[in-house]
Amino acid sequence: MPNGLTDQPPGFGLWTLTLLLVGFNEELISRGVVLSRLSRSFTAIPAVAVTAALFGLQHLSAFATTDRETYDVLTNVLASATYGFALAAFQYRFSWIWPLIVIHGLADFTSILARTSYGDLVVAVTCVIFVIYGLAALRHIARRAARARFRLPREPSGQASAMAPYSRPATAGQGCAAKGLRDQNDSHPAI
């Protein structure tokens, strides 16, 4: 904070407690419940992106709860969505919500109690940084998923795979019948 913080009523102590509780609540709902549920149905980037969009859209409530102008509220929605993208990517990759709760509370604390506003350029740069961080956090997950698509599943030792008849030659004593490939014209079992 270049110009520091201003002590607004009801004071730093109650603001700290309140905003940590806000961070706790929003992280448990957005990154705990919503992201967890979406990640069961979608791959990493869509699950994180939808979670971030929903998180940003919930900040439209500022229209009903404040007298802020439309541009200011919509900028906050966009900034919240990109911030939510970074936090959801962290949660998706590391599954560790406690740092997110503390970071969320501190971010709210510093933005609400700042002596001066950040300005559009700072908000825009911050949004870009959040998106870049989120994509970087998810990059290894996307690579791992892409590699997994091209690998055949490994069979537990001692079990033949469905490709076994075509993947290795028969050993001594294994005829076509042993491999399930008996000639239909052949009326006698393989020897």
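The following paragraphs describe the fold, the nonpolar cores, one helix pair and two backbone features of a predicted model.

The protein chain contains seven helices and zero strands, and its elements follow the pattern α-α-α-α-α-α-α along the sequence. Of its 191 residues, 27% are buried. The exposed surface of the protein chain amounts to about 12900 Å², with 64% supplied by carbon and sulfur atoms. When contacts between residues at least 6 apart in sequence are considered, 67% of them join residues at least 24 apart.

The largest nonpolar core consists of twelve residues, namely L35, L38, A44, A47, V48, A52, F85, A88, A89, A137, L138 and I141. At least two residues of this core come from each of α1, α2 (44-57), α4 and α6 (120-149). The greatest contribution is that of α2, which gives four residues. A second core, separate from this one, has seven residues, including F55, I97, L100 and I101. Within the largest core, A47 is a member; leaving aside residues up to four places away in sequence, A47 touches L35, L38, S39 and F42. Of these neighbours, L35 and L38 are listed in the largest core as well.

Helices α1 (residues 12-41) and α4 (residues 70-94) form a crossing pair, with axes that come within 10 Å and an angle of roughly 60°. The crossing is right-handed. On the α1 side, the contact involves E27, R31, L35 and S39, and these meet G84, L87, A88, Q91 and Y92 of α4. By class, the residues of this contact comprise four nonpolar, three polar and two charged. The contact and the largest core share residues: L35 and A88 take part in the meeting of α1 with α4, and both also belong to the twelve-residue core.

Two backbone features lie outside these helices. In the segment before α1, where P10 is found, the peptide bond that joins P9 and P10 is cis, with omega of about 15°. The other feature concerns S95, which is located in the loop between α4 and α5 (98-113). The phi of S95 is positive, at about 50°, although S95 is not a glycine. S95 has a relative accessibility of 56% and therefore counts as exposed, the cut-off for that class being over 50%.

Notes. Residues are numbered from 1 along each chain as its sequence is written. This is a predicted model: local features need pLDDT of at least 70, side-chain atom pairs count only at pLDDT 80 or more; totals for chains, interfaces and linings use all residues. Side-chain values use heavy atoms; hydrogens and water are left out. Axes are lines fitted to C-alpha atoms, for helices over the stretch in contact, and angles run from 0 to 180 degrees between N-to-C directions. A crossing is left-handed if the near helix is turned anticlockwise from the far one by less than a right angle, and right-handed if clockwise. Contact means heavy atoms within 4.5 Å. Ala, Val, Leu, Ile, Met, Phe, Trp, Tyr, Cys and Pro count as nonpolar, Asp, Glu, Lys and Arg as charged, and the others, Gly among them, as polar. Buried means under 20% relative accessible area, exposed over 50%, partly exposed in between (1.4 Å probe, protein chains only). Accessible areas come from the Shrake-Rupley method with a 1.4 Å probe; for residues, only the protein chains shown count as cover. A nonpolar core is a set of buried Ala, Val, Leu, Ile, Met, Phe, Trp, Tyr and Cys residues joined through side-chain atoms within 4.5 Å.
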